[in-house]
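Grab a pencil and work through the exercises below one at a time. Try each task yourself before you read its solution.

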Amino acid sequence: METHAENPPNGRAAGDGAGAKKLGKRMERVGHTAEQVWDRTRDSFSDIGDALDIKGRVDRHPFGTVAAALGIGYVLGGGLFTPLTGRIVRLGVRIGLRLAVLPMLKQEMEELVSTMEDEEQGKARQAASKRTTRTRGEEP
Amino acid sequence: MEMTEKIEETARELGARVRPQIEEAKRRFSSMSDSATTYIKENPGKCLVGAIAVGFLIGKIASRRG
């Protein structure tokens, strides 16, 4: 009894068998190569993870790491040179100036005021001493 | 004098009424923050990839508008 696989109508039974074997070998090789590529990629990713110490960073600063990832995504999305970035930077600068410069200015103003007060007190003392010497001089 | 006393009393009453709500809000915020921290520590990869994706989307929207 003949089957279509052994003797197909186009008459290429022997050739097809060899071809199928070759194809099988090739498929096996491709599978092996894909496995190797996957292993290497996984190793590379684990190496990168070890180098960046992502787990440790997340454990130490969970919100900071997420914020950094958000920033990386924002830059990758092309949001760096946009008006929104300008607005965010301006807001950050304003808040930073308020937090950093205002206490400094306050301290300077306090020092200035205390210096002026000292000068005023010195002048008042001088005027008082002059008055006392004058009154003493007028006394007979 | 009476007016000042009245204002002080009203402020005190208002403070007494609002304080428990503020305390409750603080407690809730603290609990939410703790659970978020725990989730991030348990699933760092998911959170980081999600954050990058969200940032990417925001960047895309911002670049389209600008």
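## Exercise 1: A threonine and its neighbours

Leaving out residues up to four places away in sequence, A:Thr85 touches A:Tyr74, A:Gly79 and A:Leu80. Contact here means heavy atoms within 4.5 Å. Before you go on, know that this is a predicted model, where local features need pLDDT of at least 70, side-chain atom pairs count only at pLDDT 80 or more, and totals for chains, interfaces and linings use all residues. Residues are numbered from 1 along each chain as its sequence is written, chains are lettered from A and ligands numbered from 1 in the order in which they are written, and side-chain values use heavy atoms, with hydrogens and water left out.

**Task.** Find which helix holds A:Thr85, and work out whether A:Thr85 is buried or exposed.

**Solution.**
- Step 1: Look in chain A for helix α4, residues 83-138; that's where A:Thr85 sits. Helices (H or I, at least four residues) and strands (E, at least two) are DSSP runs, numbered from the N terminus.
- Step 2: Check the cut-offs: buried means under 20% relative accessible area, exposed over 50%, and partly exposed in between (1.4 Å probe, protein chains only).
- Step 3: A:Thr85 has a relative accessible area of 14%, so it is buried.
- Step 4: Now zoom in on the side chains of A:Thr85 and A:Tyr74, which are joined by a polar contact of 2.9 Å. A polar contact is a pair of N or O atoms within 3.5 Å; within protein, one must be able to donate a hydrogen and the other to accept it, and residues adjacent in sequence count only if both atoms are side-chain atoms.

## Exercise 2: Chain A as a whole

**Task.** Say how many helices and strands chain A has, then find its odd backbone angle at A:Asp53.

**Solution.**
- Step 1: Count 4 helices and 0 strands in chain A, giving the pattern α-α-α-α along the sequence.
- Step 2: Of the 140 residues in chain A, 9% are buried.
- Step 3: A:Asp53 lies in the loop between α1 (13-52) and α2 (54-60) of chain A. Its phi is positive, about 50 degrees, although A:Asp53 is not a glycine.
- Step 4: A:Asp53 has 33% relative accessibility, so it counts as partly exposed.

## Exercise 3: Where the chains meet

**Task.** Describe the interface of chain B and chain A: how many residues are in contact on each side, and which element of chain B gives the most?

**Solution.**
- Step 1: 19 residues of chain B are in contact with 19 residues of chain A.
- Step 2: In chain B, the residues losing the most area to chain A are B:Ile40, B:Lys41 and B:Leu48, together 32% of what that side buries.
- Step 3: On that side, the elements giving two or more residues are α1 (2-42) and α2 of chain B. The biggest giver is α2(B), with 13 residues.
- Step 4: Now pick out B:Leu48, which touches A:Ile54, A:Val58, A:Thr65, A:Val66 and A:Ala69, not counting residues up to four places away in sequence.
- Step 5: B:Pro44 is in helix α2 (residues 44-65) of chain B. Skipping residues up to four places away in sequence, its contacts are A:Lys55 and A:Val58. At 14% relative accessibility, B:Pro44 is buried.

## Exercise 4: Charged pairs on a helix

**Task.** Which residues are linked with B:Glu24 in a network of salt bridges?

**Solution.**
- Step 1: Use the rule: a salt bridge is a side-chain nitrogen of Lys or Arg within 4 Å of a carboxyl oxygen of Asp or Glu. Side chains of opposite charge can pair when their charged atoms come close.
- Step 2: B:Glu24 meets B:Arg27 at 3.0 Å, N to O. Both lie in helix α1 of chain B, 3 residues apart, about one turn of the helix.
- Step 3: B:Glu24 also forms a salt bridge with B:Arg28, at 3.5 Å, N to O. These two are 4 residues apart in helix α1 of chain B, so about one helical turn separates them.
- Step 4: Put it together: B:Glu24, B:Arg27 and B:Arg28 form the network.
- Step 5: Check the surroundings. B:Glu24 is partly exposed at 31%, while B:Arg27 is exposed at 52% and B:Arg28 is exposed at 56%.

Note on methods
Buried area = accessible area lost by both parts, 1.4 Å probe.
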